Amino acid sequence: MQDLFAEELEELRAHSLDRHLREITIAQGPEVEIGGRRLINFSSNDYLGLANDPRLRKAATSAVNEFGVGAGASRLITGNLSPHLSLERALAKWKGTEASLCFSSGYAAALGTIPAFVGKDDVIVLDKLCHASLIDGARLSGAVLRVFPHNHVGKLESHLEWARREHSGRRVLIITESVFSMDGDRAPLRELVDLKKRFSALLMLDEAHAVGVIGPNGRGLAMAENVSEEIDVQMGTLSKALGTSGGYICGCRTLIEWLINRARSFIYSTAPPPAIAAAALAAVDFLASPEGEERRLLLWERISLMQDLLRRTGLKEQDVAAHSAIFPWIVGDEKAALDLAAALQSEGFLVPAIRYPTVAKGAARLRLTVTAAHEAAQIRELCDAIKRLSC
Ligand SMILES: Cc1ncc(COP(=O)(O)O)c(C=O)c1O
């Protein structure tokens, strides 16, 4: 047993593709501690600094006192507790949809929803850079898959023409993200909506990295572009800007009822801990408040500062466009990315290298993320270090 994966692991090491866990010994925040050393964290998805926010902690603690720690069963058996329903009502209201359904993770939301939505002989057309959860959900569905080059509307159009010709009468589902997780750029949403209408297709949009960041009160890109009603399946996660954990689907009531009946990752999994649902509800309430909007605007101030300073480091223009809180510093070579991450760490910054298979081979990068909790001085220090390392 010991040698079972030894060769494969060696192969990973030889190509600088091996991964390791690092132990963080304090709560998430703009600074973390590893091995007794403080590092400024520029890789978290906690874009609004809510993961350790007193409002969320308080909501979770009261829910623990009232409902205990575990949900005890799946939602359809005896695990459907009041915090789950309160959260779903708040999410639907915030996103402006009829209903919503929460899953234990964003990954589980994709894995349960896509196969419930389409099946064999239906067609899924997805963006090349879609997150693994969407790809895995699409594969699991058994539908015919077509992939279009990243944000290439022309290629998407020809796939849709093909789907309508070769699979007439079947469902055609377009899947994309509003903000791409490893590149930080945005989907051309209005053009996608025009196409979906022209071809009578359905559109599933993963807003994982847009909610809390983009749109009024952080409601996401669909809301910002005024096309929310055209999105058939709005997916998101509570685990990034909302600071907690879990995934959700927002949409019409019949979609949600169908998922309750068919989404296997929902049906056959214990309900998320009620305290997490209560904390997520506190996050949604915060985002919907004027104070939440102020925090989101502060995040955009930080994003603009990062963009300005990164420009002066000599990074490529495509790596410094401020479409979201994510700045991909694309290095290319895997070993070079690891070396840069190590050099940044020795300067006091935590920015792990992102490599294949999360991104394509030869497209390794340092994925820099900025949050509202960063001080302007911390962003300056990071950009000074990048300037030193990149020349
Ligand atoms: C675009 C995208 N979708 C879905 C997920 C999965 O969400 P979760 O972390 O809640 O499982 C992620 C998280 O990595 C993501 O980046």
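A residue counts as buried when its relative accessible area is under 20%, and as exposed when that area is over 50%. With that in hand, welcome to a set of close-up views of this predicted model.

**Figure 1. Two residues with positive phi, N217 and S200.**
N217 has a phi near 50 degrees, a positive value in a residue other than glycine. You will find N217 in the loop between β7 and α9 (221-224). Its relative accessible area is 17%, and because the cut-off for buried is under 20%, N217 is buried. S200 also has a positive phi, near 45 degrees, and is likewise a residue other than glycine. The loop that holds S200 runs between α8 and β7 (202-206). Is S200 buried or exposed? S200 is exposed, because its relative accessible area of 55% is over 50%.

**Figure 2. The surroundings of the ligand.**
How many residues surround the ligand? There are 14, and the closest are G106, D206, H209, T237 and K240. By type, the shell around the ligand divides into three nonpolar, eight polar and three charged residues.

**Figure 3. Oxygen atoms of the ligand and their polar partners.**
Start at G106, where a backbone N or O atom lies 2.8 Å from an oxygen atom of the ligand. At S239, an N or O atom in the side chain is 2.9 Å from an oxygen atom of the ligand. H131 joins in with a polar side-chain atom that lies 3.2 Å from an oxygen atom of the ligand. Taken alone, the ligand exposes 390 Å², and the protein buries 83% of that. Which elements give two or more residues to the shell around the ligand? They are α5 (106-117) and β8 (233-237).

**Figure 4. S181 and its contacts.**
S181 sits in the loop between β6 (172-177) and α8 (189-198). Its relative accessibility is 6%, so S181 counts as buried. Which residues does S181 touch, leaving aside those up to four places away in sequence? They are H131, H209, I326 and R367. Two of these names may be familiar: H209 is among the closest residues to the ligand, and H131 places a polar side-chain atom 3.2 Å from an oxygen atom of the ligand.

**Figure 5. The nonpolar cores.**
In soluble globular proteins, nonpolar side chains tend to be buried together. Here the largest nonpolar core has 89 residues. Those with the most contacts inside this core are L91, L160, M306, L310, L344 and L368. Which helix gives the most to this core? Helix α12 (residues 274-288) does, with ten residues. For a look at one of the well-connected residues, take L310: not counting residues up to four places away in sequence, L310 touches L315, V320, F327, L368, C383 and I386. A second, separate core has 28 residues, including A99, L101, A109 and A116.

**Figure 6. Helix α15, seen at A376 and K387.**
Helix α15 covers residues 376-390, and A376 lies in it. With a relative accessible area of 19%, A376 is buried, because that value is under 20%. A376 touches R302 and L305, setting aside residues up to four places away in sequence. A376 and G29 are 347 residues apart along the chain, and their C-alpha atoms are separated by 15 Å. K387 is in helix α15 too. K387 is partly exposed, with a relative accessible area of 43%. Its contacts, again without residues up to four places away in sequence, are with R312 and T313. From K387 to T358 there are 29 residues in sequence and 26 Å in space, C-alpha to C-alpha.

**Figure 7. A cis peptide bond at P357.**
Which two residues does the cis peptide bond join? Y356 and P357 are the pair, and omega is about 5 degrees. P357 belongs to the loop between β12 (353-354) and β13 (364-369).

**Figure 8. T254 in helix α10.**
T254 is found in helix α10, which covers residues 253-262. At 56% relative accessibility, T254 counts as exposed, because that value is over 50%. How do T254 and S346 compare in sequence and in space? T254 and S346 are 92 residues apart in sequence and 53 Å apart in space, C-alpha to C-alpha.

Methods
Residues numbered from 1 in each chain as written. Predicted model: local features only at pLDDT ≥ 70, side-chain atom pairs only at ≥ 80, totals over all residues. Heavy atoms only, no water. Near = heavy atom within 4 Å. Polar contact = N/O pair within 3.5 Å; in protein donor to acceptor, adjacent residues only side chain to side chain. Areas by Shrake-Rupley, 256 points an atom, 1.4 Å probe, with all protein chains shown as cover. Helix = DSSP H or I, 4+ residues; strand = E, 2+ residues; numbered from the N terminus. Nonpolar A, V, L, I, M, F, W, Y, C, P; charged D, E, K, R; others polar. Core = buried A, V, L, I, M, F, W, Y, C linked by side-chain atoms within 4.5 Å. Buried < 20%, exposed > 50% of the residue type's maximum accessible area, 1.4 Å probe, protein only. Contact = heavy atoms within 4.5 Å.
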